[in-house]
Amino acid sequence: MPDIRYDDRVVLVTGAGGGLGKAYALFFASRGAAVVVNDLGVSRSGDGHSSKAADVVVDEIVRAGGKAVANYDSVNDGDRLVDTALKAFGRLDIIINNAGILRDKSFSRMTDQDWDLIQEVHLRGSYKVTKAAWETFRKQKYGRIIMTASAAGIYGNYGQANYSSAKLALASLGFTLAREGAKYNILCNTIAPVAASRMTESVMPPEFLPALKPEFVTGLVGLLCHDSSNESGGLFEVGAGWAGKLRWERSQGRVFKADPTTFTPTAVASAWEEITEITPAKPPVYPESMADTDWVGLLERAKEQ
Ligand code: NAD
C-alpha cells in the first residue's frame, strides 16, 4: 500500500496547540496537508487566553517546510475557524474536533458553571465548528470529521459527570452526522483516545507516559480522514499504538404481553436474568441503528404471550 498522504487537502485541528491536537497537526502537515492550527491557549480548566500555543505549532510546521496558519478563537466561534481555513487555503476538507478542558468534581460539588463550560467547549464547540463547515462539505461532496469522545463518556467515570456526558454526546452526534453525510461523501467517526498530555499526565503512572505518546493515536485518525477510507459512524478506542472498534450489544430480552396489567414491575423482576443477561444471547444481537429493533416482530411475540 502506498504511503498515505494529504496533498491538496486542508485540515482544521481544534485545540492543536498541545497534546493530541499538536500531534495531529504535525502529522497532517508532514504528509502534505495545509493545516489550520486552532488553539485558544487556555489552561487545563479553561482559564486564560493566549496565541502562543497555536503560534509555536505553526512555526514548527513552517520551519519543517509545511503549510499552516494559526487561529486563536474559541471553538464556540466555529464559523471563524472555518473562515480562517477558507481565507488562507480556499477550501476545507477535514475537521478534527479535539479542543477540550476539564472541570472534574463529584456530582454533589459540581456547579452549573462547571457543567455549562464543559458542555460548551466539548459538545457545543464541536457542533459549531462542524456546522460552520457542513454546507461547504455538502457542496464539494467531500468531508472527513473526527469527534473526540473519551472512555469516561463510554463507561462513566467518578467526578466527570459534566465531561462524560458531553463526550458520549459527541459520539452520538458523530453517529447521526455519519448518516446525514453519507450521500455527500462526508464521513464522520469518533475516537476515545488515551495519551499522555497535560490533561492526563498527573493521573497516569509516570512509567506509562512514554508508551502513551499522542503520536501513538495519529495512525487511526490519519486513516479515518483519508480519501481511501469509507469507514463512517464508527466509535474507536485508541492509544499506545492500539486501536479497537466498539459496538453495542443487546441481551435477548424478554417479551411480555403488551398489557400494563401483565407487564408489571413484579413481572419484570421475575424475568430480570433474561432481561439483563448479555452473554450468550441466542443469536447475539449487535444493534447498529434504530432500525435494528424489530418492533413488529416483538409485538407479534407479545401477542403469543
Ligand atoms: P490538552 O489539554 O493537551 O489539549 C487541549 C487543547 O485544547 C489545549 O491546547 C487548549 O488550549 C485547547 N482548548 C481548550 N479549550 C478550547 C477552546 N474553547 N477553543 C479552542 N481551543 C481550546 O489535552 P489533550 O489530552 O491533548 O486532549 C485532546 C482531546 O482529547 C480533548 O477533547 C480531550 O477531552 C480528549 N481526550 C484526551 C484523553 C487523553 O488521554 N489525553 C483521553 C480522553 C479524551
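These exercises, each with a worked solution, treat the sheet, the helix packing and the ligand shell of a predicted model.

**Exercise 1. The sheet**

Find the order of the strands in the open sheet, and name the strands at its edges.

Solution.
- Step 1: Trace the sheet from one side to the other. Its eight strands follow the order β3-β2-β1-β4-β5-β6-β7-β8.
- Step 2: Look at the pairing. The pairing is mixed, and the sheet is open.
- Step 3: Pick out the strands that pair on one side only. These are β3 (67-71) and β8 (242-245), the edge strands.
- Step 4: Check the twist. From one strand to the next, it averages 20°.

**Exercise 2. One strand pair**

Take β5 and β6: how many bridges join them, and do they run parallel or antiparallel?

Solution.
- Step 1: Locate the strands. β5 covers residues 143-148, and β6 covers residues 186-194.
- Step 2: Count the bridges. There are six.
- Step 3: Compare the directions. The two strands run parallel.
- Step 4: Choose one residue and look across. Opposite Ile-146 stands Asn-189 of β6.

**Exercise 3. Helices α4 and α6**

Describe how α4 and α6 pack against each other, and where each lies on the sheet.

Solution.
- Step 1: Start with the general rule. Packed helices are described by the angle between their axes and the distance between the axes.
- Step 2: Apply it. The axes of α4 (residues 112-140) and α6 (residues 161-181) come within 8 Å and cross at roughly 20°.
- Step 3: Classify the angle. Angles under 35 degrees count as roughly parallel. So α4 and α6 are roughly parallel to each other.
- Step 4: Give the hand. This crossing of α4 and α6 is right-handed.
- Step 5: Find the contact residues. On α4 they include Trp-115, Ile-118 and Leu-123; on α6 they include Tyr-163, Leu-170 and Leu-177.
- Step 6: Sort the contact of α4 with α6 by class. It has ten nonpolar, five polar and two charged residues.
- Step 7: Place the helices on the sheet. α4 lies across β4 (94-96), β5 and β6, at about 170° to β5. α6 lies across β5, β6 and β7 (235-239), at about 160° to β6.

**Exercise 4. Helices α3 and α4**

Are α3 and α4 roughly parallel or oblique to each other?

Solution.
- Step 1: Read the geometry. α3 (residues 78-89) packs on α4 at an angle of about 50°, and the axes are 7 Å apart.
- Step 2: Classify. The helices α3 and α4 are therefore oblique to each other.
- Step 3: Give the hand. The crossing of α3 and α4 is right-handed.
- Step 4: List the contact. Gly-78, Asp-79, Leu-81 and Val-82 of α3 meet Lys-128, Val-129, Lys-131, Ala-132 and Ala-133 of α4.
- Step 5: Sort by class. The contact of α3 with α4 has five nonpolar, one polar and three charged residues.

**Exercise 5. Helices α1 and α2**

Describe the packing of α1 with α2.

Solution.
- Step 1: Take the angle and the distance. α1 (19-30) and α2 (residues 52-63) pack at about 20°, with axes 10 Å apart.
- Step 2: Classify. α1 and α2 are therefore roughly parallel to each other. Their crossing is right-handed.
- Step 3: Name the partners. Lys-22, Ala-25, Leu-26 and Ala-29 of α1 meet Val-57, Glu-60 and Ile-61 of α2.
- Step 4: Sort the contact of α1 with α2. Five residues are nonpolar, none is polar and two are charged.

**Exercise 6. The ligand shell**

Which element gives the largest share of the shell around the ligand?

Solution.
- Step 1: Size the shell. The ligand is surrounded by 32 residues, and the closest are Gly-15, Gly-19, Ala-99, Gly-100 and Ser-197.
- Step 2: List the contributors. α1, α4 and β6 each supply at least two residues.
- Step 3: Find the largest share. It comes from α1, with three residues.
- Step 4: Sort the shell by class. Twelve residues are nonpolar, 17 polar and three charged.

Note on methods:
Residues are numbered from 1 along each chain as its sequence is written. This is a predicted model: local features need pLDDT of at least 70, side-chain atom pairs count only at pLDDT 80 or more; totals for chains, interfaces and linings use all residues. Axes are lines fitted to C-alpha atoms, for helices over the stretch in contact, and angles run from 0 to 180 degrees between N-to-C directions. Helices (H or I, at least four residues) and strands (E, at least two) are DSSP runs, numbered from the N terminus. Angles under 35 degrees count as roughly parallel, over 145 as roughly antiparallel, 65 to 115 as roughly perpendicular and the rest as oblique. A crossing is left-handed if the near helix is turned anticlockwise from the far one by less than a right angle, and right-handed if clockwise. Two residues are in contact if their C-beta atoms, placed from the backbone, lie within 7 Å. Ala, Val, Leu, Ile, Met, Phe, Trp, Tyr, Cys and Pro count as nonpolar, Asp, Glu, Lys and Arg as charged, and the others, Gly among them, as polar. Two strands pair if DSSP finds at least two bridges between them. A residue is near a molecule or strand if its C-beta atom, placed from the backbone, lies within 6 Å of it.
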